[in-house]
Amino acid sequence: MDMRYRLLRVKNQAGKWSNGIVWASDHRLKTLAKRGYITLFDSTHKTNFLQFKLFTWMCRTEVDHKTYLPCAGALLDSESGDTIAAALAQICHWIKDLGLEWRIKYALTDDSAAEQRAVALTFTEESKESLGNVFGEVEHLLCQWHCKQTLNRQLHGDVLTPANRHLQAALWSRRTEAGCDESIQAALDSIPDGTTIKKKNKPWDPKRYIREEWQATKRRWGNYRRMQEQILMQVRTTGGNEGWHNQLKTALGLRKNQNSPFSLAGVLETWEDCARVIDARYKKGLSQWNTKELSVCTEFPWMKQFPFPAQVILNDHLVAAQNRQVEESQITKELTESNECDCKEFWKCLLPCEHMLEAFLYGDAVEPDWDKYSSLFLDQKFDVYEGKRTEVAVDAGADSEGDRSMEKISASSKLDMEETANRIKDRRYAIEDQIRLSGMTLENAERVMRAYNQSLAMAAEKLAGMSINEHLQLEASDS
Ligand SMILES: [Zn+2]
């Protein structure tokens, strides 16, 4: 086997020692070196009885827009920037051993301070030579979906909802830096001077919060930064980790009310098993690149010009175009002189969007230049998007209402629901930890857990009994 691993023992900034193990296989390190232009960080807790945190570094492969390969992993006993940085440095050294360099330009994470610190510690301009990070300093990007959740958690209620809306506009729609600044300023201006809110019985200054946590870091989360490069438009969230997460949890048989019985070696072995499944998917994707075909190609032969993964994207656009036709309220969108659209979907992949397909199939637009669009993939696969700059610079204004459809609303609400479910689980874990720390008797621990589950069941029952009108009333009273 080509698996490498190394034990880590690191002193963190508080002077405490922490331990861990980092591992990777040569063939996946090779992919990480090549495809890690944007590297996703994933962390999972509760995978083993020692409560080490499991980290996985993933990158998107060139076979399509949704296959993310877990390339290296680590189990660390503390979530400190220093420990994570030590694991990252080890991965760099292994890649160098293979005679390669890590082409990492962006790190994409949830909102973890430790991970942000680890990236800043590891990938500096100075470390370029010794660690082989070709682009020098790595830019840190935050998952936009997690940012949205944070905004909704922090800024709600009568006084703060307008600020939330302005920041969401900067997060999802403002296309230029000036536009982003404008929205942040509008968010600040929407809060009356001297507003203080009580949070956990302490005074909290929302303006200061926005200045420190959002304005100062706008490059990490603002839509304008993502609009500058195709790959950043495509990989906006850490959603690519989700499938991996679930796969691991299923393989480890992690169940809600149980502590994981796994040893570190057991987790490592399972990690490897799961990664092999994705290796196989990756391989299959490569073999199907030019051979597999969607059945709609019979009806729309122009689609045959595109590799399979591009057909999948085009087919989504096609379905959306057909839906637009069915919904009478939708007006056909005006295209530019070169017969193209200026919506985000078009710029994202440079493939005809639903508006262009609608105009061509049902309107009077001329046939799109298929050769032009399909030639994008001639010499490269989906890695063609890495480092490809976009040419959009127009600010779409505060919000583009026109881009909404029932599917989008439904997809977004599903994400919101999953996040709520995750928070319920997190809360459970937190209570369990508290019980363990408090040295409570088993009898009392059982009571606390039962009480927690009871509260949850009551909330669920109340929810099930509510009518749509009642939901709406609740929403109105909340904002
Ligand atoms: Zn469009």
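Is Cys297 buried or exposed? Cys297 is buried, because its relative accessible area is 1%, under the 20% cut-off. Keep in mind that you're looking at a predicted model. Let's start with the whole protein and then drop in on a handful of residues.

**The big picture**

- Count up the secondary structure and you get 20 helices and nine strands.
- The radius of gyration is 24 Å, close to the 23 Å that the globule rule gives for 479 residues, so the protein is as compact as a globular protein of that length.
- If you draw a box around the C-alpha atoms along the principal axes, it comes to roughly 75 × 60 × 45 Å.
- Out of the 479 residues, 47% count as buried.
- Take the contacts with a separation of 6 or more: 68% of them come from residues 24 or more positions apart.

**Surface and charge**

- About 24,800 Å² of the protein is exposed, and carbon and sulfur atoms supply 51% of that area.
- The protein has 64 positive and 70 negative charges, and the mean positions of these two sets sit 6 Å apart.

**Glu229, a buried residue in a loop**

- You'll find Glu229 in the loop between α10 (223–226) and α11 (230–234).
- Glu229 counts as buried because its relative accessibility is 1%, which is under 20%.
- What does the side chain of Glu229 join up with through a polar contact of 2.7 Å? The partner is the side chain of Tyr106.
- Leaving out residues up to four places away in sequence, Glu229 touches Tyr37, Lys105, Tyr106, Gly387, Lys388, Arg389 and Thr390.

**Cys297, back to the opening question**

- Cys297 belongs to the loop between α13 (264–288) and α14 (308–326).
- Setting aside neighbours within four places in sequence, Cys297 is in contact with Met303, Lys304 and Gln311.
- Asn315 is 18 residues from Cys297 along the chain, and the C-alpha atoms of the two are separated by 9.4 Å.

**Thr150, a residue in a helix**

- Thr150 sits in helix α5, which covers residues 144–154.
- With a relative accessible area of 12%, Thr150 falls under the 20% cut-off, so this residue is buried too.
- Which residues does Thr150 contact, once neighbours within four places in sequence are left aside? They are Tyr209 and Trp214.

**Two residues with a positive phi**

- Here's some background: most residues other than glycine have a negative phi.
- Lys46 has a positive phi, near 60 degrees, and it isn't a glycine.
- Look for Lys46 in the loop between β3 (38–44) and β4 (53–60).
- Is Lys46 buried or exposed? Lys46 counts as buried, because 9% relative accessibility is under 20%.
- Asn201 isn't a glycine either, and its phi is positive, near 65 degrees.
- Asn201 lies in the loop between β8 (197–199) and β9 (202–204).
- Asn201 counts as exposed, because 70% relative accessibility is over the 50% cut-off.
- Put side by side, Lys46 is buried, whereas Asn201 is exposed.

Key:
Residues are numbered from 1 along each chain as its sequence is written. This is a predicted model: local features need pLDDT of at least 70, side-chain atom pairs count only at pLDDT 80 or more; totals for chains, interfaces and linings use all residues. Side-chain values use heavy atoms; hydrogens and water are left out. Helices (H or I, at least four residues) and strands (E, at least two) are DSSP runs, numbered from the N terminus. Buried means under 20% relative accessible area, exposed over 50%, partly exposed in between (1.4 Å probe, protein chains only). A polar contact is a pair of N or O atoms within 3.5 Å; within protein, one must be able to donate a hydrogen and the other to accept it, and residues adjacent in sequence count only if both atoms are side-chain atoms. Contact means heavy atoms within 4.5 Å. The radius of gyration is taken over C-alpha atoms; the globule rule is 2.2 Å times the number of residues to the power 0.38. Accessible areas come from the Shrake-Rupley method with a 1.4 Å probe; for residues, only the protein chains shown count as cover. Lys and Arg count as positive and Asp and Glu as negative; His and the chain ends are not counted. The place of a charge is taken as NZ of Lys, CZ of Arg, CG of Asp or CD of Glu.
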